[in-house]
Amino acid sequence: MAAIAERPARVAEKARDALAARGLGTTGSQVLVLGVAYKPGVSDLRESPALEIIDLLTAWGASVAYTDPLVPRLERRGTVLHSVDAPEAVEWDLVVVHTVHPGAALDWLERGPAVLDVTHRFPAAATGAAV
C-alpha cells in the first residue's frame, strides 16, 4: 500500500527529472497533465493521483494545466482550473500522460512535446520514464 501512496510523488519527481534532462528548471516550466480522472472512461476525481501530481508540480513552481474531456473544471488549493480544449495548440515543456480515456486522439503527442507516460501506452515516450 505504501508504494501506491508514494506513486504521485515519484511521478512528480520523474517530471522534474524530465524537465532537467531538457535543461529546464521546474519553476516556470509549462506542464500539461493529460487526464486527471481516477481511471479511463469516468469523470470521478476521488483519489486520483493526478491531483497530487498537479499540487506538487505547482508547489515547485511549474505552470500546470490539464486536459480531460470528462472533467471540465477542478479546484486545487483555492484555484479553479479548466480543462485545456486544444492542448495540441500549446507548446508544452512536458506532457504527463496520466489517464487516457477511450477514443482519445493523441497523435499530436508524436509531434513534439516531451512526454512522461505513466500509463506505459507510448513506448517511444520522449523521457522513456517508467514509474
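**Close-up views of a predicted model**

At 71% relative accessibility, Arg-77 counts as exposed, because the cut-off for that class is over 50%. The model shown in these views is predicted.

**View 1. Arg-77 meets Asp-55 in a salt bridge.** The nitrogen-to-oxygen distance between the two side chains is 3.4 Å. The pair links distant parts of the chain, with Asp-55 in helix 2 and Arg-77 in the loop between strand 3 and strand 4 (79–82). In sequence these two residues are 22 residues apart. Is Asp-55 buried or exposed? Asp-55 has a relative accessibility of 10%, so it counts as buried.

**View 2. Asp-55 also forms a salt bridge with Arg-76.** Here the side chains meet at 2.5 Å, N to O. This pair too links distant parts of the chain: Asp-55 belongs to helix 2 and Arg-76 to strand 3 (residues 73–76), and 21 residues separate them. Arg-76 has a relative accessible area of 22%, so it is partly exposed.

**View 3. A salt bridge joins the side chains of Asp-107 and Arg-111.** The distance from N to O is 3.5 Å. Asp-107 counts as partly exposed, at 46% relative accessibility, and Arg-111 is exposed, with a relative accessible area of 59%. Elsewhere, salt bridges that share partners bring Asp-55, Arg-76 and Arg-77 into one network. The structure holds five salt bridges, among them the Asp-107 and Arg-111 pair.

**View 4. The chain as a whole contains two helices and six strands.** Read from the N terminus, the order of elements is α-β-α-β-β-β-β-β. The protein chain has 131 residues, and 42% of them are buried. Contacts can also be sorted by separation in sequence. Among those between residues at least 6 apart, 58% join residues at least 24 apart.

**View 5. Four strands make up an open sheet with parallel pairing.** What is the order of the strands across this sheet? The order is 2-1-5-6. Strand 2 (63–67) and strand 6 (115–117) are at the edges and have a single partner strand each, so one side of each has no neighbour in the sheet. From one strand to the next, the twist averages 20°. Strands of a sheet pair through backbone hydrogen bonds, either parallel or antiparallel.

**View 6. Strand 1 pairs with strand 2 and with strand 5.** Strand 1 and strand 2 run parallel and are joined by five bridges. One bridge partner pair is Leu-34 with Thr-67, the latter in strand 2. How many bridges join strand 1 (residues 30–34) to strand 5 (residues 94–97)? There are four, and these strands also run parallel. In strand 5, Leu-94 is the bridge partner of Val-31. Strand 1 is mostly covered, with four of its five residues buried.

**View 7. Helix 2 lies across strand 1 and strand 2.** The helix runs at about 155° to strand 2. Which residues of helix 2 (residues 49–59) are buried? They are Ala-50, Leu-51, Ile-53, Ile-54, Asp-55 and Leu-57. Among them, Asp-55 is the residue whose side chain meets Arg-76 in a salt bridge. Gly-61 follows helix 2 and has a positive phi, near 100°.

**View 8. Leu-74, in strand 3, is a buried residue.** Its relative accessible area is 4%, so Leu-74 falls below the 20% cut-off for buried residues. Which residues does Leu-74 contact, leaving aside its neighbours within four places in sequence? The contacts are Val-36, Leu-45, Leu-51, Tyr-66, Thr-79, Val-80 and Leu-81. One of these, Leu-51, is a buried residue of helix 2. Another, Val-36, is 38 residues from Leu-74 in sequence, with a C-alpha to C-alpha distance of 9.4 Å.

**View 9. The charged end of Arg-16 sits over the ring of Trp-60.** The distance from this charged end to the ring centre is 3.8 Å. How many aromatic pairs does the structure hold? The number of aromatic pairs is zero.

Note on methods
Residues are numbered from 1 along each chain as its sequence is written. This is a predicted model: local features need pLDDT of at least 70, side-chain atom pairs count only at pLDDT 80 or more; totals for chains, interfaces and linings use all residues. Side-chain values use heavy atoms; hydrogens and water are left out. Buried means under 20% relative accessible area, exposed over 50%, partly exposed in between (1.4 Å probe, protein chains only). Two strands pair if DSSP finds at least two bridges between them. Axes are lines fitted to C-alpha atoms, for helices over the stretch in contact, and angles run from 0 to 180 degrees between N-to-C directions. Contact means heavy atoms within 4.5 Å. A salt bridge is a side-chain nitrogen of Lys or Arg within 4 Å of a carboxyl oxygen of Asp or Glu. Rings of Phe, Tyr and Trp (its six-membered ring) pair if their centres lie within 6.5 Å; planes under 30 degrees apart count as stacked, over 60 as edge-to-face and the rest as tilted. A charge sits over a ring if NZ of Lys or CZ of Arg is within 6 Å of the ring centre and within 35 degrees of the ring normal.
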